[in-house]
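Work through the exercises below with the sequence and the 3D structure in view. Try each task before reading its solution.

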Amino acid sequence: MIGYITLGTNNLQESAVFYDKLLSRAFDASRHMDNEKFIAWGTPDSPGQICIMKPYNNAMATVGNGTMISLQLKSQKEVNEIYALAIELGAACEGKPGPREMDAFYASYFRDLDGNKLCVFHYEPTEKN
């Protein structure tokens, strides 16, 4: 259903390094489009893409209050690894990996270099969830 998600950035090249490493490790994603205003990553088996972009109106990129991008991973181990990688790449912690409202939902939260909030999670339903 989602075609692509765009996150604003004020430093395209610095942000590109962050997402090159994060998305290639998490999803084996690579750049599908790249120019002086935006970069888009995707995978061959999924039509959805994640993009970073300098705002079209040339104003400063700002963070949406209450806005968050959630990325589903295959295991709790991957959640731990991708969270650690994000922090290593300069992300700010918004919630360390662990179970949330229900044991089946295991997640971590962080903000990228521009302050955009991301969640990486693994959901494994049980009979009680």
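**Exercise 1. The nonpolar core**

The largest nonpolar core has 27 residues, and those that touch the most other members are Phe18, Tyr19, Leu22, Ile52 and Phe110. The model is a predicted one.

Task: find which helices and strands each supply at least two residues of this core, and which gives the most.

Solution. Step 1: list the helices. Helix H1 (12–27) and helix H2 (76–88) each supply at least two residues. Step 2: list the strands. Strands S3 (38–43), S4 (46–53), S5 (69–72), S7 (105–111) and S8 (117–123) do so too. Step 3: pick out the main contributor. H1 gives the most, with seven residues.

Task: state which residues phenylalanine 110 touches, leaving out residues up to four places away in sequence.

Solution. Step 1: start with the residues before it in sequence. Phenylalanine 110 touches Phe18, Leu22, Tyr83, Ala86, Ile87, Ala91, Ala92 and Glu94 among others. Step 2: add the rest of the list, which is Asn116, Lys117, Leu118 and Val120. Step 3: look for another core. A second, separate core has five residues, including Phe105, Ala107, Tyr109 and Phe121. Step 4: set this beside a general pattern. In soluble globular proteins, nonpolar side chains tend to be buried together.

**Exercise 2. The largest pocket**

Task: describe the largest pocket by its volume, its lining and the kinds of residue in that lining.

Solution. Step 1: take the volume. The largest pocket holds about 330 Å³ of space. Step 2: turn to the lining. There are 15 lining residues, and Ser46, Gly48, Gln49, Ile50 and Leu71 lie nearest the centre of the pocket. Step 3: assign the lining to elements. H1, S3, S4 and S5 give two or more residues to the lining. The largest share, four residues, comes from S4. Step 4: sort the lining by kind. Nine of the residues are nonpolar, six are polar and none is charged.

**Exercise 3. A serine in a strand**

Task: decide whether serine 108 is buried or exposed, and list its contacts beyond four places in sequence.

Solution. Step 1: locate the residue. Serine 108 is in strand S7. Step 2: compare its accessibility with the cut-off. Buried means a relative accessible area under 20%. Serine 108 has a relative accessible area of 0%, so this residue is buried. Step 3: list the contacts. Apart from neighbours within four places, serine 108 is in contact with Val79, Tyr83, Gly95, Lys96, Pro97, Arg100, Leu118, Cys119 and Val120.

**Exercise 4. Two positive phi angles**

Task: for aspartate 28 and asparagine 58, give phi, the place in the chain and the exposure.

Solution. Step 1: take aspartate 28. Its phi is positive, about 55 degrees, although this residue is not a glycine. Aspartate 28 sits in the loop between H1 and strand S2 (30–34). With a relative accessible area of 63%, aspartate 28 is exposed. Step 2: take asparagine 58. Here phi is near 65 degrees, again a positive value in a residue other than glycine. Asparagine 58 belongs to the loop between S4 and S5. Its relative accessible area is 67%, so asparagine 58 is exposed.

**Exercise 5. Salt bridges**

Task: the structure holds five salt bridges. Which residues pair with glutamate 81, and which parts of the chain are linked?

Solution. Step 1: take the pair with arginine 25. The closest N and O atoms of arginine 25 and glutamate 81 are 2.1 Å apart. This pair links distant parts of the chain, helix H1 and helix H2, 56 residues apart. Step 2: take the pair with lysine 77. In the salt bridge between lysine 77 and glutamate 81, the closest N and O atoms are 3.2 Å apart. Lysine 77 and glutamate 81 are about one helical turn apart because four residues separate their positions in helix H2. Step 3: check exposure. Arginine 25 is partly exposed at 37%, glutamate 81 is partly exposed at 29%, and lysine 77 is exposed at 57%.

Task: explain what the salt bridge between arginine 111 and glutamate 94 ties together.

Solution. Step 1: note the distance. The side chains of arginine 111 and glutamate 94 meet at 3.1 Å, N to O. Step 2: locate both partners. Arginine 111 lies in strand S7 and glutamate 94 in strand S6 (residues 92–99), so the pair ties together parts 17 residues apart in sequence. Step 3: check exposure. Arginine 111 is partly exposed at 24%, and glutamate 94 is partly exposed at 36%.

Key:
Residues are numbered from 1 along each chain as its sequence is written. This is a predicted model: local features need pLDDT of at least 70, side-chain atom pairs count only at pLDDT 80 or more; totals for chains, interfaces and linings use all residues. Side-chain values use heavy atoms; hydrogens and water are left out. A nonpolar core is a set of buried Ala, Val, Leu, Ile, Met, Phe, Trp, Tyr and Cys residues joined through side-chain atoms within 4.5 Å. Buried means under 20% relative accessible area, exposed over 50%, partly exposed in between (1.4 Å probe, protein chains only). Contact means heavy atoms within 4.5 Å. On a 1 Å grid over the protein atoms alone, a cavity is a set of points where a 1.4 Å probe fits but cannot get out, and a pocket is an open set with protein on both sides within 12 Å along at least five of seven lines; lining residues have an atom within 4 Å of a point. Grid points are joined across faces, edges and corners, and a volume is the space filled by probe spheres set on the points. Ala, Val, Leu, Ile, Met, Phe, Trp, Tyr, Cys and Pro count as nonpolar, Asp, Glu, Lys and Arg as charged, and the others, Gly among them, as polar. A salt bridge is a side-chain nitrogen of Lys or Arg within 4 Å of a carboxyl oxygen of Asp or Glu.
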